[in-house]
Amino acid sequence: WRILSGCVRTVKLMEDGRRQVGEFLLAGDMFGLDDLGTHDFAAEAVTEVKLRRYPRRMVEALAESHAGLGRRLREMTLANLRSAHERMVLLGRKMAMEKIASFVLEMDRRSGTPGRAMLDLPMSRTDIADHLGLTVETVCRVLAHLKREGTLAIARSGVELHDRVYLRALACESRH
């Protein structure tokens with residue numbers, strides 16, 4: 001599946017009712033390529049979404065006959081693996097402030113208009129909490145703290161970024 005417009009979240013529900021949001025997918029992102037017969041995560045629309053479906057057999061046949069497409073699919077797979085490794089560090093080692101700063105910077109990079117002051121965040125605070133392994137109260141508390149510091153302003157549909165340099169410092173982003 002390729003997202004033409006909108007936002008999709010991948011979700012895994014645990015036996016006890018807890019929810020893990022795996023990732024937020026935006027226009028241009030693809031999903032479902034890693035499915036080998038079982039679905040570890042469900043996909044849910046966060047906003048109104050337009051999708052394009054690519055049958056697996058067709059994609060595999062094209063990848064075998066066109067080296068460029070095969071290379072592109074391999075690059076996408078490696079990027080997904082790198083993203084999973086970064087998410088392991090984020091979930092396993094970062095503190096709440098670092099997680100929120102990392103999330104905002106990631107969404108800024110992926111927005112299609114990085115560097116713009118207004119950053120659209122179509123997902124709810126609960127979605128963000130379930131994505132970062134935090135409580136919704138912690139997400140709200142950290143965002144309020146960043147607002148008080150002047151790092152960002154909170155708008156109805158997202159945040160206005162005032163200090164990306166400070167956010168990068170808070171996120172403890174790697175330098176390599």
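Ala27 touches Ile3, Leu4, Ser5 and Gly6, leaving out residues up to four places away in sequence. The model is a predicted one. Ala27 sits in the loop between strand S3 (19-25) and strand S4 (42-45). Its relative accessibility is 48%, so Ala27 counts as partly exposed. Ala63 is 36 residues from Ala27 in sequence, and the two C-alpha atoms are 22 Å apart.

**The N-terminal strand**

Arg2 belongs to strand S1 (residues 2-5). Arg2 is partly exposed, because its relative accessibility is 30%. Beyond its neighbours within four places in sequence, Arg2 is in contact with Gly28, Asp29 and Met30, and also with Lys50, Leu51, Arg52 and Tyr54. Leu26 lies 24 residues from Arg2 in sequence, with a C-alpha to C-alpha distance of 9.3 Å.

**Overall build**

The protein contains 6 helices and 8 strands. Read from the N terminus, the order is β-β-β-β-β-α-α-α-β-α-α-β-β-α. The radius of gyration is 17 Å. A compact globule of 176 residues would have a value near 16 Å, so the protein agrees with that expectation. Along the principal axes, the C-alpha atoms fill a box of roughly 55 × 40 × 30 Å.

How much of the protein is buried? Buried residues account for 31% of the 176. The accessible surface is about 11,200 Å², and carbon and sulfur atoms contribute 54% of that surface. Contacts often span long stretches of sequence: among those between residues at least 6 apart, 63% join residues at least 24 apart.

Charged side chains number 29 positive and 24 negative. The centres of the two sets lie 3 Å apart.

**Helix H2 and the loop after it**

Leu69 and Gly70 both lie in helix H2. Are they buried or exposed? Leu69 is partly exposed, because its relative accessibility is 31%. Gly70 has a relative accessible area of 17%, so Gly70 is buried.

Apart from neighbours within four places in sequence, Leu69 is in contact with Val59, Leu62 and Ala63. Asp34 is 35 residues from Leu69 in sequence and 16 Å away in space, C-alpha to C-alpha. For Gly70, the C-alpha distance to Val59 is 9.2 Å, across 11 residues of sequence.

Lys94 follows in the loop between helix H2 (67-93) and helix H3 (96-110). With 17% relative accessibility, Lys94 counts as buried. Setting aside neighbours within four places in sequence, Lys94 is in contact with Val89, Lys99, Ser102, Ala171 and Cys172.

The table sets out relative accessibility for residues in these regions.

| Residue | Place | Relative accessibility | Class |
|---|---|---|---|
| Arg2 | strand S1 | 30% | partly exposed |
| Ala27 | loop between S3 and S4 | 48% | partly exposed |
| Leu69 | helix H2 | 31% | partly exposed |
| Gly70 | helix H2 | 17% | buried |
| Lys94 | loop between H2 and H3 | 17% | buried |

**Helix H4**

Helix H4 (residues 125-132) is mostly covered. Of its 8 residues, 6 are buried. Which ones are buried in H4? They are Asp127, Ile128, Ala129, Asp130, His131 and Leu132. Strand S2 (8-13), S3, H2, H3 and helix H5 (136-149) are the elements against which the buried residues of H4 pack. Just after H4 comes Gly133, with a positive phi of about 70°.

**Cysteines**

How many disulfides does the structure hold? The count is 0. A disulfide is a covalent bond between the sulfur atoms of two cysteines. Why does Cys140 have no such bond? The closest cysteine sulfur to that of Cys140 is in Cys7, 18 Å away, which is too far for a bond.

Cys140 is partly exposed, because its relative accessible area is 36%. Cys172 has a relative accessible area of 45%, so Cys172 is partly exposed. Cys172 is also one of the contacts of the loop residue Lys94.

Definitions and conventions:
Residues numbered from 1 in each chain as written. Predicted model: local features only at pLDDT ≥ 70, side-chain atom pairs only at ≥ 80, totals over all residues. Heavy atoms only, no water. Helix = DSSP H or I, 4+ residues; strand = E, 2+ residues; numbered from the N terminus. Rg over C-alpha atoms; globule rule 2.2 N^0.38 Å. Buried < 20%, exposed > 50% of the residue type's maximum accessible area, 1.4 Å probe, protein only. Contact = heavy atoms within 4.5 Å. Areas by Shrake-Rupley, 256 points an atom, 1.4 Å probe, with all protein chains shown as cover. Lys, Arg positive; Asp, Glu negative; His and termini not counted. Charge placed at Lys NZ, Arg CZ, Asp CG, Glu CD. Disulfide = S-S within 2.5 Å.
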